[in-house]
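Thanks for making time this morning. I would like to walk through one model, going from its pockets to its helix packing, and I will take things one region at a time.

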Amino acid sequence: MVKVTVLGATGSIGASAIDLLRRAPGRHRVAALTARRDAPRLAALARELGASLAVVAEPNSYRELKDALAGSGIEAAAGREGLIAAANAPADVVVAAITGVAGLEPTLAALAPGRRIALANKECLVSAGRLFMAKAAAQGATVLPVDSEHNAVFQALAAGPRETVERVTLTASGGPFRTFTPDRLKYVTAQEALRHPTWTMGAKITIDSATLMNKGLELIEAHHLFGIGSDRLDVLVHPQSIVHALVAFRDGAVVAGLSVPDMRVPIAFCLAWPDRIGWEAPRLDLAALGALSFEPPDLIRFPSLALARAALEAGGGAPTVLNAANEVAVEAFLAGRIGFLGIPALVEAVLARAVSESLAEPATVKEALAVDHIARSFASDLLPEFAAKAS
Ligand code: NAD
Ligand code: MG
């Protein structure tokens with residue numbers, strides 16, 4: 001029996017992971033499950049799956065969780081300490097699927113000797129990638145990427161020695177606005193941006209996919225996961241989301257990872273690694289698809305991708321700042337406070353202001369959260385400027 005904890009169990013990745021757990025009840029046992037505040041849903045999942053611990057991040061939801069679990073024997077907890085306790089609960093695999101830098105501390109806490117971390121929370125690598133990977137190595141934890149592109153890279157890298165890898169290419173769907181003119185982009189709404197053409201995901205990553213910031217965050221994620229520099233990392237737009245990534249070797253061979261766009265495929269890989277489980281995965285039918293297409297990304301219409309690459313190349317605190325500014329900008333866009341083009345504009349302005357602070361690359365989680373905090377306060381200060389431009 002493989003013991004599994006899911007941090008962010010009520011989200012989109014959480015639901016995909018739980019769907020897989022349900023399909024193989026004899027194979028897995030559930031240790032801890034967490035959510036931000038949806039106590040009724042979390043309690044129902046914990047009861048159904050026989051979890052030993054359920055945790056809500058919002059202390060205000062604790063009472064409701066405790067009541068919903070009454071008589072079940074399942075322990076309830078809340079807040080930061082509760083999330084850390086969930087991360088520390090004995091488990092073989094921890095699915096790290098909290099959104100944003102909010103997942104950093106619990107995901108770091110989950111790094112323990114012999115543990116497998118099925119890592120979906122890319123923001124923790126963007127914000128604190130070096131220290132995260134260093135702690136994983138020091139602890140002897142295995143980090144397996146859930147992100148479909150990185151999961152494909154991980155699998156393709158097995159095809160040859162690391163020093164023979166020439167380039168790594170991540171594909172991007174291009175999002176719902178791939179073909180929009182710059183003028184149209186100015187007026188797109190949150191509702192339109194939330195309609196992703198190929199993937200069904202949480203709101204934050206869906207907006208990131210529309211701006212292409214998601215692919216920028218993924219460049220930084222790939223850099224930390226695989227130790228590959230920006231000069232050897234490419235992005236290719238591929239609207240069908242069938243080819244997730246390509247690894248080119250020095251002999252000219254290119255090994256690609258393909259699957260239908262369904263996050264259960266990479267999650268199943270992480271849950272079973274180094275084995276592979278059989279499940280009723282939707283099968284890839286290339287003949288039915290007929291054609292796959294590819295094009296270069298347009299950095300003029302989608303400047304977020306260029307901003308992220310610049311932050312990766314600048315190093316220091318820049319990726320941490322980029323991530324925090326983007327989280328604030330996406331929230332502001334979803335709340336109708338800034339327009340779609342206000343997202344990269346705000347991120348760029350925050351990065352420019354942060355340059356004068358010459359923030360160092362965080363060496364501890366405390367430093368990462370401090371840089372994150374500074375960037376968020378810059379973003380809040382600058383936000384009204386961009387709100388004015390959006391109206
Ligand atoms: P989601 O919004 O659907 O779910 C997020 C989960 O985290 C929920 O359980 C929520 O309750 C919890 N959460 C949110 N804020 C929290 C907070 N402040 N403290 C504690 N818990 C909190 O998001 P998602 O689409 O499942 O994405 C989760 C992560 O996986 C993100 O980092 C995303 O970039 C990454 N990811 C998602 C997909 C996808 O297909 N959805 C693909 C690749 C990577
Ligand atoms: Mg991805």
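Let me begin with a question: which helix gives the most to the lining of the second largest pocket, and with how many residues? Please keep in mind, while you look, that this is a predicted model. The answer is α7, which gives 5 residues to that lining. The pocket itself has a volume of about 440 Å³, and of the 23 residues that line it, the closest to its centre are Gln-155, Leu-258, Ser-259, Val-265 and Arg-276. If you follow the secondary structure around this pocket, you will find that α7 (148-157), β11 (254-258) and α12 (264-272) each supply at least two residues of the lining. By class, the lining of the second largest pocket divides into 15 nonpolar, 6 polar and 2 charged residues.

Staying with α12 for a moment, the loop between α12 and α13 (286-289) holds Pro-274, and the peptide bond that leads from Trp-273 into Pro-274 is cis, with omega near 0 degrees.

Now to the domains. The domain assignment gives domain 1 (2-145), domain 2 (147-261 + 283-302) and domain 3 (315-391). For domain 2 and domain 3, the C-alpha centres lie 24 Å apart, and 19 residues of domain 2 are in contact with 13 residues of domain 3.

What about enclosed space? Rolling a probe the size of a water molecule over the atoms shows where empty space is left. Counting cavities of 30 Å³ or more gives 1, and the largest cavity has a volume of about 30 Å³, so I would read that count with the cut-off of 30 Å³ in mind. The residues that line the largest cavity are Thr-211, Arg-301, Phe-302, Pro-303, Ser-304, Phe-340, Leu-341 and Pro-344, and by class they are 5 nonpolar, 2 polar and 1 charged. Domain 2 and domain 3 each contribute at least three residues to this lining.

That brings me to the helices. Two packed helices are described by the angle between their axes and the distance between the axes. The axes of α10 (residues 203-211) and α15 (residues 318-334) come within 10 Å and cross at roughly 100 degrees, which makes α10 roughly perpendicular to α15. On the α10 side the contact is made by Ala-203, Lys-204, Ile-207 and Asp-208, while α15 brings Asn-323, Asn-326, Glu-327, Val-330, Phe-333 and Leu-334. Sorted by class, the residues of this contact are 5 nonpolar, 2 polar and 3 charged.

Just beyond α10 there is a backbone detail to look at: Leu-212, in the loop between α10 and α11 (213-226), has phi near 75 degrees, a positive value in a residue other than glycine.

Helix α15 also packs with α6 (residues 122-139), at an angle of about 140 degrees and with the axes 7 Å apart, and that angle makes α6 oblique to α15. Here Glu-123, Val-126 and Ser-127 of α6 meet Pro-319, Thr-320, Asn-323 and Glu-327 of α15, and the contact has 2 nonpolar, 3 polar and 2 charged residues. Asn-323 and Glu-327 of α15 therefore take part in the contact with α6 and also in the contact with α10.

I will stop there and take questions.

Definitions and conventions: Residues are numbered from 1 along each chain as its sequence is written. Chains are lettered from A and ligands numbered from 1 in the order in which they are written. This is a predicted model: local features need pLDDT of at least 70, side-chain atom pairs count only at pLDDT 80 or more; totals for chains, interfaces and linings use all residues. Side-chain values use heavy atoms; hydrogens and water are left out. On a 1 Å grid over the protein atoms alone, a cavity is a set of points where a 1.4 Å probe fits but cannot get out, and a pocket is an open set with protein on both sides within 12 Å along at least five of seven lines; lining residues have an atom within 4 Å of a point. Ala, Val, Leu, Ile, Met, Phe, Trp, Tyr, Cys and Pro count as nonpolar, Asp, Glu, Lys and Arg as charged, and the others, Gly among them, as polar. Domain bounds come from an automatic or database domain assignment. Axes are lines fitted to C-alpha atoms, for helices over the stretch in contact, and angles run from 0 to 180 degrees between N-to-C directions. Helices (H or I, at least four residues) and strands (E, at least two) are DSSP runs, numbered from the N terminus. Angles under 35 degrees count as roughly parallel, over 145 as roughly antiparallel, 65 to 115 as roughly perpendicular and the rest as oblique. Contact means heavy atoms within 4.5 Å.
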